[in-house]
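Reader: Please give me a close look at the strand pairing. Then place it in the rest of the model.

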Amino acid sequence: MMPPFADQLNLRLCHRCKYASPMAEDPRHCTRCQARLHYRKPDAIARTAALTLAALVFYIPANLLPIIHTRTLHHDSTTTILGSVMELWQAGAWDIALVLFTASVGVPVTKFLALGYLLVSVQRRSDRSRKERTRLYRLLELIGYWSMLDVFVAGLLTALVQFGPLGGIEPRAGILYFGLVVVLTMMATLSFDPRLIWDTGRSNE
Amino acid sequence: MSESSRLIICEYCDSVYERQQLGTHQRAHCRRCGALLDRRPWLTVDQSLALSATAGLLLAFVCFYPVLYIYVRDQSGSATLLDAVLALFNGPVSVMGMTMACAVILVPATQIGLLVWLLAFARNQRHAPGFRPCMRLLEVLRPWSMLEVFLLGALVAVVKLTGRIDTAPAAGLFALATLSFLMVGVAGRDVRMLWDQLS
């Protein structure tokens with residue numbers, strides 16, 4: 001016997017304070033924290049789709065444009081994200097190369113695939129593997145911000161390596177797009193409503 | 001405790017449960033989707049307040065004391081958290097400098113400020129002025145604090161520089177590690193206990 005759903009008991013979850021707000025008097029705002037109440041997150045599918053698409057578009061320049069410019073006495077060089085992973089790998093630091101690869105390629109790609117799958121399956125009113133899909137969403141929440149790694153590394157390296165005319169490191173436009181990808185995918189995850197997964201196929205439980 | 005706060009709604013699948021009294025290490029999971037519903041708060045109000053104040057001091061420390069030192073022949077350099085943010089800010093993409101400032105300084109600082117404010121009043125069983133907006137803001141800010149990512153970033157930076165430049169961790173790095181650990185504890189879901197404790 002599965003527990004009842006909130007709307008069957010005329011309750012509504014407040015997103016901000018997680019209070020089970022009674023809906024008998026049809027209040028617009030949570031009686032505890034006064035945040036606006038919604039049955040489901042507003043326009044969840046449209047917003048998530050739009051933000052994911054935008055992130056996907058920005059992911060292209062994020063990979064193509066250089067993120068760091070290194071200047072030494074002898075030569076100048078610019079590196080892209082994949083380039084810096086390769087550099088570390090060739091230098092023998094395969095472990096850090098793997099960390100960086102996971103954060104800058106693995107995590108965003110996982111996010112795109114997972115968000116796409118969740119959107120399509122909810123849109124098609126699929127009632128298969130709902131528990132696993134909910135778990136996938138929680139994974140998305142968990143890995144959300146780790147791709148910011150490259151941006152922070154660029155900032156820290158720039159601040160550290162400043163030797164005036166002898167050399168230095170400067171950030172480049174790539175980190176702008178990369179940061180945007182992270183922020184947009186985080187917003188996409190936040191605007192998706194996992195309860196939509198459970199709205200279909202309630203009768204055959 | 002009012003009638004409704006005895007109920008828990010799973011935020012992932014909308015299932016309704018009656019709140020159960022949990023033991024120290026017990027966790028309540030949703031039967032339908034497996035999400036975490038409830039657990040005993042790790043910290044009491046007093047402990048949270050003390051650790052939030054500690055976190056505030058550590059954040060100030062990380063902003064002004066170097067996280068890493070570097071040495072090349074006769075030259076040396078160092079960078080604090082604030083330096084890293086300013087370096088991005090002064091570069092060609094200052095927007096990212098602002099984003100980074102939010103993620104590693106402004107958001108954690110606001111979280112800590114709000115926590116100290118709310119908990120200081122909660123100690124005396126009182127609602128702080130602006131209790132409800134403050135609690136809502138904490139909930140909104142939670143996903144945007146990225147201190148632990150910066151911690152990993154410092155590690156990556158060390159490895160990237162080795163071979164070319166000598167690096168050494170500085171006091172700020174240890175403060176940063178402690179701080180990101182503390183933030184998980186104090187700014188996590190435990191704050192929600194204040195809704196029930198003060199009523």
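Author: Two strands count as paired here if DSSP finds at least two bridges between them. One caution before we start: this is a predicted model.

Begin with strands β5 and β6 of chain B. β5(B) covers residues 68–72, and β6(B) covers residues 75–79. They pair in the antiparallel sense, over five bridges. Which residue of β6(B) is the bridge partner of Ile70(B)? That partner is Gly77(B). The two strands make a hairpin, with two residues between them. Arg73(B) sits in the turn, and its phi is positive, about 45°. One general point helps when you inspect such strands. In a regular strand, side chains alternate between the two faces of the sheet.

Chain B holds another hairpin, made by β3(B) and β4(B). Here β3(B) is residues 27–29 and β4(B) is residues 36–39. Three bridges join them, and they run antiparallel. Arg27(B) faces Arg39(B) across the pair. Six residues lie between these two strands. What is the sign of phi at Gly34(B), in the turn? The sign is positive, and the value is about 85°.

Now turn to chain A. Strand β3(A), residues 68–72, is joined to β4(A), residues 76–79. The link is four bridges, and the two strands run antiparallel. Thr70(A) is placed opposite Ser77(A) of β4(A). This is again a hairpin, with three residues between β3(A) and β4(A).

Two loop residues deserve a check of their backbone angles. Lys18(A) lies in the loop between β1 and β2 of chain A. Its phi is near 65°, positive although the residue is not glycine. In chain B, look at Asp14(B), in the loop between β1 (7–9) and β2 (16–18). Phi of Asp14(B) is near 70°, again positive in a residue other than glycine.

Next, place the hairpins in their chains. Chain B has seven helices and seven strands. Along its sequence they follow β-β-β-β-α-β-β-α-α-α-α-β-α-α. The C-alpha atoms of chain B fill a box of roughly 70 × 40 × 35 Å along the principal axes. For chain A, the box is roughly 75 × 35 × 25 Å. Chain A has six helices and five strands. From its N terminus the elements run β-β-α-β-β-α-α-α-α-β-α. Why call chain A more spread out than a compact globule? Its radius of gyration is 22 Å, while the globule rule gives 17 Å for 205 residues, so chain A is well over that value.

Last comes the contact between the chains. Chain A puts 66 residues into it, and chain B puts in 61. About 6,000 Å² is buried between them, and 74% of that is on carbon and sulfur atoms. Which three residues give more of the area that chain A buries than any other three? They are Phe152(A), Leu156(A) and Leu160(A), with 12% of the area that chain A buries against chain B.

Charged and polar links are present too. Four salt bridges are counted between chain A and chain B. Arg32(A) forms a salt bridge with Asp196(B), with the closest N and O atoms 3.4 Å apart. There are also 13 residue pairs in polar contact between the chains, both partners at pLDDT 80 or more. On chain A, the elements that give two or more residues to this side include the strands β1 (11–13) and β2 (20–22). The helices among them are α2 (81–90), α3 (94–123), α4 (130–143), α5 (149–160) and α6 (174–191). The largest share is from α5(A), with 11 residues. By type, this side of chain A has 47 nonpolar, seven polar and 12 charged residues.

Technical notes:
Residues are numbered from 1 along each chain as its sequence is written. Chains are lettered from A and ligands numbered from 1 in the order in which they are written. Side-chain values use heavy atoms; hydrogens and water are left out. Contact means heavy atoms within 4.5 Å. Buried area is the accessible area (1.4 Å probe) that two parts lose on being put together, summed over both. A salt bridge is a side-chain nitrogen of Lys or Arg within 4 Å of a carboxyl oxygen of Asp or Glu. A polar contact is a pair of N or O atoms within 3.5 Å; within protein, one must be able to donate a hydrogen and the other to accept it, and residues adjacent in sequence count only if both atoms are side-chain atoms. Ala, Val, Leu, Ile, Met, Phe, Trp, Tyr, Cys and Pro count as nonpolar, Asp, Glu, Lys and Arg as charged, and the others, Gly among them, as polar. The radius of gyration is taken over C-alpha atoms; the globule rule is 2.2 Å times the number of residues to the power 0.38.
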